[in-house]
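Okay, thanks for making time, everyone. I'd like to walk you through one structure this morning, so please bring it up on your screens.

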Amino acid sequence: MKKTDFEQLMLKYEFAKETLLTELDILIKEYEFNNDRNPVDHVKSRIKTKESAIGKLQRRGYEVNLDNISKHIHDMVGARIICPFISDVYEIVKIIKNSKLFKIQGEDNYIANPKESGYSSYHLNILVPIHLNNTVDYIEAEIQIRTMAMDFWASLDHKMRYKYKKDIPESIKDQIHNVSVDVKKLDDKMDKINDIINENYR
Ligand code: 0O2
């Protein structure tokens, strides 16, 4: 049976996701070994669906074709690292930036500069090498690193946006934004308590 170009591209994304997850697992375990603590609560990953990729291309005014998927969609492969504390997020960013496997292409610190919606997270855009039979390909991936509190906010925000099909009334937007401010206060308080514990009880 002849394989389609789309199937071949999706296979490469699958390889990139597996390579990305393996490297993240190694980096986190090595950190835990050296520091006697794990800065990560859990890691999730996904490959963007065809429908979601087509929607993103259309929203941005690009013709829907395979070339434009690889050229303009930078998060076909995505991983999300959820950490207990804000300080852990920065620790993980440092570890990933030091990885000899990944090439860092760009970053967005939406923790220091939250989006208008209130969205807060640290994004790293990287290239993941995949070793095929005769060649090495570099596949783009996006890693989102955030605290459990930020993740709680983002997943509820995502659900509500989906429900309103992105056309959210201004008053609801304001309320969701206000909650993001509360989430930030909560994270800051937890970080302070964590600092006290680290200084006095470790
Ligand atoms: P999904 O379903 O999560 O995949 P780029 O990817 O660099 O071309 P983009 O897409 O503007 O440009 O990058 P950005 O804004 O740095 O990151 C986009 C991703 O961040 C989104 O992916 C979401 O996962 C997340 N995100 C950004 N803003 C918000 C927000 O206001 N609320 C929530 N809940 N998540 C947000 P997708 O493709 O939009 O969706």
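I'll start with the overall layout, then go to the ligand, the salt bridges, and a few single residues.

First, a reminder that this is a predicted model. The chain has 202 residues, and 38% of them are buried. There are six helices and five strands, and along the sequence they run α-β-α-α-β-α-β-β-β-α-α. If you box up the C-alpha atoms along the principal axes, you get roughly 65 × 50 × 25 Å.

Now the ligand. Which residues sit closest to it? Out of 19 that surround the ligand, the closest are Lys48, Tyr110, Lys115, Ser117 and Asp157. By type, the shell has eleven charged residues, five polar and three nonpolar. As for where they come from, strand S5, 136-147, and helix H5, 148-163, each give at least two residues to the shell. H5 has the largest share, with four.

Let's look at some distances. Lys56 puts a polar side-chain atom 2.9 Å from a ligand oxygen. For Arg60, the distance from a polar side-chain atom to a ligand oxygen is 3.0 Å. And His123 has a side-chain N or O atom 3.2 Å from an oxygen of the ligand. On its own the ligand has 760 Å² of accessible area, and the protein covers 77% of that.

On to the salt bridges. In general, side chains of opposite charge can pair when their charged atoms come close. The whole structure has 13 salt bridges. One piece of this ties back to the ligand: Lys56, with its contact to a ligand oxygen, is also in a salt-bridge network with Arg46, Lys48 and Asp75.

Which parts of the chain does the Arg37 and Asp88 pair tie together? Their side chains meet at 2.6 Å, N to O. Arg37 is in the loop between H1 and strand S1, while Asp88 is in helix H4, so the bridge joins parts that are 51 residues apart in sequence. Asp88 counts as buried because its relative accessible area is 2%.

Other pairs stay within one helix. In H1, residues 5-35, Glu14 and Lys17 are three residues apart, about one turn of the helix, and their closest N and O atoms are 3.9 Å apart. Glu14 is partly exposed at 31% relative accessible area, whereas Lys17 is buried at 15%. Helix H4 has a similar arrangement: Lys94 and Glu91 are three residues apart there, about one turn, with 3.7 Å between the closest N and O atoms of their salt bridge. Glu91 is partly exposed, at 24%.

A couple of buried spots next. Phe102 is in the loop between helix H4 and strand S3, and it's buried at 5% relative accessibility. Its C-alpha is 13 Å from that of His131, which is 29 residues away along the chain. Ala154 belongs to helix H5 and is buried too, at 9%. From Ala154 to Ser180 it's 8.9 Å, C-alpha to C-alpha, with their positions 26 residues apart in sequence.

Last stop, the outside. There's a nonpolar surface patch of about 630 Å², made by Leu186, Met190, Ile193, Ile196, Ile197 and Tyr201. Ile193, for one, is in helix H6, residues 170-201. So is Ile193 buried, partly exposed or exposed? With 46% relative accessibility, Ile193 counts as partly exposed.

That's my tour.

Methods: Residues are numbered from 1 along each chain as its sequence is written. This is a predicted model: local features need pLDDT of at least 70, side-chain atom pairs count only at pLDDT 80 or more; totals for chains, interfaces and linings use all residues. Side-chain values use heavy atoms; hydrogens and water are left out. Patches are made of residues with over 30% relative accessible area and no salt bridge: like charges are joined within 9 Å, nonpolar side chains (Val, Leu, Ile, Met, Phe, Trp, Tyr) within 5 Å. Accessible areas come from the Shrake-Rupley method with a 1.4 Å probe; for residues, only the protein chains shown count as cover. A salt bridge is a side-chain nitrogen of Lys or Arg within 4 Å of a carboxyl oxygen of Asp or Glu. Buried means under 20% relative accessible area, exposed over 50%, partly exposed in between (1.4 Å probe, protein chains only). A residue is near a molecule or strand if one of its heavy atoms lies within 4 Å of it. A polar contact is a pair of N or O atoms within 3.5 Å; within protein, one must be able to donate a hydrogen and the other to accept it, and residues adjacent in sequence count only if both atoms are side-chain atoms. Ala, Val, Leu, Ile, Met, Phe, Trp, Tyr, Cys and Pro count as nonpolar, Asp, Glu, Lys and Arg as charged, and the others, Gly among them, as polar.
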